[in-house]
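Please examine the sequence and the structure shown here. The paragraphs that follow lead through them step by step.

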Amino acid sequence: MGKNIILIGLPGAGKTTLGKLLSNIIGYRFIDSDAFIEEKTGKSITDLFQIGEDYFRNIESDAYKEIADFEDTIVSTGGGVVKRNENIVALKQNGTVYYIDRAVEDITHDIEVSHRPLLKDGFERIYALKAEREALYQDAADFVVKNDKPLEELAAEIIAHHIGAGKEGEAHDNPQ
Ligand SMILES: Nc1ncnc2c1ncn2[C@@H]1O[C@H](COP(=O)(O)OP(=O)(O)O)[C@@H](O)[C@H]1O
Ligand SMILES: O=C(O)C1=C[C@@H](OP(=O)(O)O)[C@@H](O)[C@H](O)C1
Ligand SMILES: [Mg+2]
């Protein structure tokens, strides 16, 4: 059984889109944590945030602990996965963490804010999230991949690392 591939990064970094692509290429199951949570709770992420962010974060942490037990799975996490170290500890039990590092300028070009409560007042908040979380993403990552190219190329970089081919690519071991 292969290790899970865990994608982390800012909202709009490309985790969900890339996760689906990776799943189609290597045949792993695809889990998007937000969709997993909405399925389990019967509520949207926005509805859960309206109850309270802590309420959502507790549900989110429980979801990651459940997802951590899966195998041969691509996990697209929510951008806030790194807010609680327990989430990363759980996911690393059987997963390799890839930080999808996408320039904020690129994120703002095409991010959909309607289903992202944290950005409900506009995508400018993404700059603050980048400042708050960059060190957390870097610390959590086993590999960092720059999302500044077509997603197909990004997928190939991750697959190369995942199967240990060690092919050249911008992905690099994270010295943390
Ligand atoms: N390298 C890329 N090239 C083109 N579009 C991209 C790229 N990376 C991300 N996107 C687009 O950015 C948007 C946000 O991606 P998404 O997968 O929802 O991000 P996340 O799950 O990290 O919040 C989507 O429209 C996606 O297609
Ligand atoms: O950055 C965050 O705290 C969040 C990111 C969202 O997922 P995406 O990263 O897929 O947008 C979602 O989990 C929720 O809105 C909170
Ligand atoms: Mg997503």
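**Two ligands and the chain around them**

In this predicted model, an oxygen atom of ligand 1 lies 2.6 Å from an N or O atom in the side chain of Thr 17. Arg 116 makes a further polar contact, since an N or O atom of the Arg 116 side chain is 2.7 Å from an oxygen atom of ligand 1. With Asn 147 the ligand atom is a nitrogen: a polar atom of the Asn 147 side chain is placed 2.8 Å from a nitrogen atom of ligand 1. Ligand 1 on its own would expose 570 Å², and the protein buries 73% of that area.

The surroundings of ligand 1 may now be considered as a whole. There are 14 residues around ligand 1, and those that come nearest are Gly 12, Lys 15, Thr 17, Arg 116 and Asn 147. Sorted by class, this shell holds 4 nonpolar, 5 polar and 5 charged residues. Helix 1, which spans residues 15-26, gives the largest share of the shell, namely 3 residues. The space that ligand 1 takes up is the largest pocket.

Where does ligand 2 sit? Ligand 2 is likewise found in the largest pocket. Around ligand 2 there are 14 residues, of which Lys 15, Asp 34, Arg 57, Arg 116 and Arg 133 come nearest. Lys 15 and Arg 116 are thus named among the nearest residues for both ligands. The shell around ligand 2 comprises 6 nonpolar, 3 polar and 5 charged residues. Two helices, helix 3 (45-51) and helix 4 (53-67), each contribute at least two residues to this shell.

The polar contacts of ligand 2 involve both side-chain and backbone atoms. An N or O atom in the side chain of Lys 15 is 2.8 Å from an oxygen atom of ligand 2. At Gly 79 a polar backbone atom is 2.9 Å from an oxygen atom of ligand 2, and at Gly 80 a backbone N or O atom lies 3.4 Å from an oxygen atom of ligand 2. Taken alone, ligand 2 exposes 390 Å², of which the protein buries 97%.

It remains to describe the chain that carries these sites. The protein chain contains 8 helices and 6 strands. Followed along the sequence, these elements give the pattern β-α-β-α-α-α-β-α-β-α-α-β-α-β. Along the principal axes, the C-alpha atoms of the chain fill a box of roughly 45 × 35 × 30 Å.

How does the radius of gyration of the protein chain compare with that of a compact globule? The chain has 176 residues, so a compact globule would have a radius of gyration near 16 Å. The protein chain has 15 Å, which agrees with that value.

Note on methods
Residues are numbered from 1 along each chain as its sequence is written. Chains are lettered from A and ligands numbered from 1 in the order in which they are written. This is a predicted model: local features need pLDDT of at least 70, side-chain atom pairs count only at pLDDT 80 or more; totals for chains, interfaces and linings use all residues. Side-chain values use heavy atoms; hydrogens and water are left out. A residue is near a molecule or strand if one of its heavy atoms lies within 4 Å of it. A polar contact is a pair of N or O atoms within 3.5 Å; within protein, one must be able to donate a hydrogen and the other to accept it, and residues adjacent in sequence count only if both atoms are side-chain atoms. Accessible areas come from the Shrake-Rupley method with a 1.4 Å probe; for residues, only the protein chains shown count as cover. On a 1 Å grid over the protein atoms alone, a cavity is a set of points where a 1.4 Å probe fits but cannot get out, and a pocket is an open set with protein on both sides within 12 Å along at least five of seven lines; lining residues have an atom within 4 Å of a point. A molecule sits in a cavity or pocket if more than half of its atoms lie within 2 Å of its grid points. Helices (H or I, at least four residues) and strands (E, at least two) are DSSP runs, numbered from the N terminus. Ala, Val, Leu, Ile, Met, Phe, Trp, Tyr, Cys and Pro count as nonpolar, Asp, Glu, Lys and Arg as charged, and the others, Gly among them, as polar. The radius of gyration is taken over C-alpha atoms; the globule rule is 2.2 Å times the number of residues to the power 0.38.
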